[in-house]
Amino acid sequence: MNFFSIFVYEMQVLYSKKDIQKKFNISLATVNNWIKTGVIPSPKNGYYSKESYFNLIKSVEMDSNRLKTRANRSFSKASDLVFLGITNSDRKDLLRKLVEKYRSSSLSVLEAIVCLGRQILSSNSLYFENSEIFCELNKLYAGENPFKDFVIKNEDDDILGAFYQSVQSISSKSKNGSFFTPSELLASIKIPENAIVLDPCCGSGGILIRTLSKKHNIYAFDIDETALLICKINFVLFFNNAFISPHIEKNDLIFRDCDGLFVDKTAKFDFIVTNPPWGSKFSSEQKNFLLQTYPSLNTTEVFSIALFNAVKMLNDKGQLNFFLPESILNIGAHKNIRKFLLDSERNIEITPLGKAFKGVQSECIFLKLSEKSSRETEITVNAEKIVKLDKKSISAPDYLISYNVSELDSEILNKIYSTPGTRLSGKTKFALGI
């Protein structure tokens with residue numbers, strides 16, 4: 001409890017609205033709304049007694065639906081069935097049965113992944129004692145396998161990744177920003193043959209196995225060791241080879257050089273594709289570290305940092321494909337990453353996707369960067385009508401990319417920006433614009 005939110009008066013501990021905010025990891029606006037709508041009582045003289053505070057905490061915790069809402073999803077212990085693009089009804093039923101079998105067992109999530117992965121490999125005749133994946137799975141868990149009676153044929157649908165997403169709590173996924181990418185969003189990704197390809201936030205490898213050919217040189221990084229294990233199993237299935245050794249490593253694209261995790265800053269790739277974490281929760285110490293490590297960005301937002309580092313890992317002829325929240329284009333806090341992109345000497349292509357991710361209310365976009373060019377670069381928006389944005393209209397201080405304006409709006413904005421004018425800064429003590 002911090003000094004400013006607890007007061008001791010006549011030996012009584014008092015609590016403020018900020019303590020409720022911190023307890024449930026919600027905004028102060030949500031706390032005020034709960035008070036306004038009678039969900040919790042109003043504080044007396046701005047504070048709650050110890051008894052009234054713990055009573056209201058208990059009352060909110062008992063209301064499970066309230067803690068499942070978008071604003072409070074980081075506190076929820078519930079989990080949802082996630083199909084990750086699985087559309088076949090029989091396959092969906094199989095996933096439900098696998099999740100039910102796990103919930104009736106005493107296995108941890110990792111142990112369940114090991115057992116299910118072993119059964120999937122066995123069902124496809126890819127589980128050999130002298131293979132690398134066999135040794136890794138048996139080292140992690142060699143106990144009874146509750147899935148031993150299931151026959152799970154490979155359909156290249158990442159059923160193991162779907163299982164992992166389905167058994168994780170909503171709070172865990174929210175904290176780590178790990179909401180996986182729907183397969184229907186990947187159709188437009190075209191990777192050149194024989195390219196050196198990296199997914200730096202690969203998760204279970206779903207993006208890679210749906211966009212790669214077997215001619216690509218593949219690298220996959222993540223910080224989630226369970227997801228990396230699934231990625232290894234998926235690659236064995238994808239290549240139909242138990243003895244492959246793809247470049248699947250635990251590496252941190254955000255906190256580089258920390259905790260023994262090191263991404264080679266000299267490595268360059270032909271093609272980078274990923275859906276980076278959005279809205280990951282960090283401690284104050286971690287936020288301070290990020291602000292000190294990336295002063296040019298001046299942000300702790302994980303997707304901006306991931307994009308910044310990924311662009312630096314592209315070779316000059318390399319291409320980048322990122323799934324990102326729409327806010328990266330038009331919120332002031334992301335102005336520095338926008339300037340970085342505009343200065344990157346690469347063509348920028350933006351495709352609006354709407355609310356494309358289950359469990360995520362944010363509008364999102366698909367961002368493509370082309371190879372470097374000595375010519376003047378441009379911004380293209382692939383909406384209902386393909387539009388070219390005038391880079392001259394994107395200027396300091398915020399570098400807003402108004403990708404969804406109409407052609408008429410764009411003409412008006414361009415005329416305004418092209419008209420000679422003067423700034424009032426340093427020339428007046430007061431000005432009012434209407």
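A residue counts as exposed when its relative accessible area is over 50%, as buried when that area is under 20%, and as partly exposed in between. The exercises below concern a predicted model.

**Exercise 1. Positive phi outside glycine**

Determine where asparagine 298 and glutamate 345 lie, and classify each as buried, partly exposed or exposed.

*Solution.*
Step 1. Asparagine 298 has a phi near 55 degrees, a positive value in a residue other than glycine. Its place is the loop that joins helix H11 (284–293) to helix H12 (302–312).
Step 2. The relative accessibility of asparagine 298 is 54%, so this residue counts as exposed.
Step 3. Glutamate 345, also not a glycine, has a positive phi near 60 degrees. It is located in the loop between helix H14 (335–342) and strand S9 (346–354).
Step 4. With a relative accessibility of 43%, glutamate 345 counts as partly exposed.

**Exercise 2. The two sides of helix H1**

Identify the buried residues of H1 (residues 17–24), establish how they are arranged around the axis, and describe what is found at either end of the helix.

*Solution.*
Step 1. Asp19, Ile20 and Phe24 are buried in H1.
Step 2. These residues cover an arc of only 115 degrees around the axis, and therefore lie on the same side of H1.
Step 3. On the face turned away from that buried side, H1 carries the exposed residues Lys18 and Lys22.
Step 4. At the start of H1, the backbone nitrogen of lysine 18 has a side-chain oxygen of serine 16 within 3.2 Å. Just after H1, asparagine 25 adopts a positive phi of about 55 degrees.

**Exercise 3. Packing of H5 and H7**

Describe the relative orientation of helix H5 (residues 109–123) and helix H7 (residues 159–167).

*Solution.*
Step 1. Two packed helices are described by the angle between their axes and by the distance between those axes.
Step 2. The axes of H5 and H7 come within 11 Å and cross at roughly 160 degrees.
Step 3. An angle over 145 degrees counts as roughly antiparallel. H5 and H7 are therefore roughly antiparallel to each other.
Step 4. The crossing in which H5 passes H7 is right-handed.

**Exercise 4. Cysteines and disulfides**

Decide how many disulfides the model contains, and examine cysteine 231.

*Solution.*
Step 1. A disulfide requires two cysteine sulfur atoms within 2.5 Å. By this rule the count is zero.
Step 2. Cysteine 231 takes part in no disulfide; the nearest cysteine sulfur belongs to cysteine 202 and is 4.2 Å away.
Step 3. Cysteine 231 is buried, its relative accessible area being 0%. Cysteine 115 is likewise buried, at 0%.

**Exercise 5. Selected buried residues and a cis peptide**

Characterise leucine 95 and asparagine 275 by location and burial, then locate the cis peptide bond that leads to proline 397.

*Solution.*
Step 1. Leucine 95 belongs to helix H4 (residues 89–103), and it is buried, with a relative accessible area of 0%.
Step 2. Although leucine 95 and isoleucine 159 are 64 residues apart along the chain, their C-alpha atoms are separated by 7.2 Å.
Step 3. Asparagine 275 lies in the loop between strand S7 (269–274) and H11. At 11% relative accessibility, asparagine 275 counts as buried. Its side chain makes a polar contact of 3.4 Å with the side chain of tryptophan 278.
Step 4. The peptide bond from alanine 396 to proline 397 is cis, with omega near 10 degrees. Proline 397 is situated in the loop between strand S12 (386–389) and helix H15 (407–418).

Definitions and conventions: Residues numbered from 1 in each chain as written. Predicted model: local features only at pLDDT ≥ 70, side-chain atom pairs only at ≥ 80, totals over all residues. Heavy atoms only, no water. Buried < 20%, exposed > 50% of the residue type's maximum accessible area, 1.4 Å probe, protein only. Helix = DSSP H or I, 4+ residues; strand = E, 2+ residues; numbered from the N terminus. Arc of directions from axis to C-beta. Polar contact = N/O pair within 3.5 Å; in protein donor to acceptor, adjacent residues only side chain to side chain. Axes fitted to C-alpha atoms, helices over the stretch in contact; angles between N-to-C directions. Parallel < 35°, antiparallel > 145°, perpendicular 65-115°, else oblique. Left-handed = near helix turned anticlockwise from the far one by under 90°.
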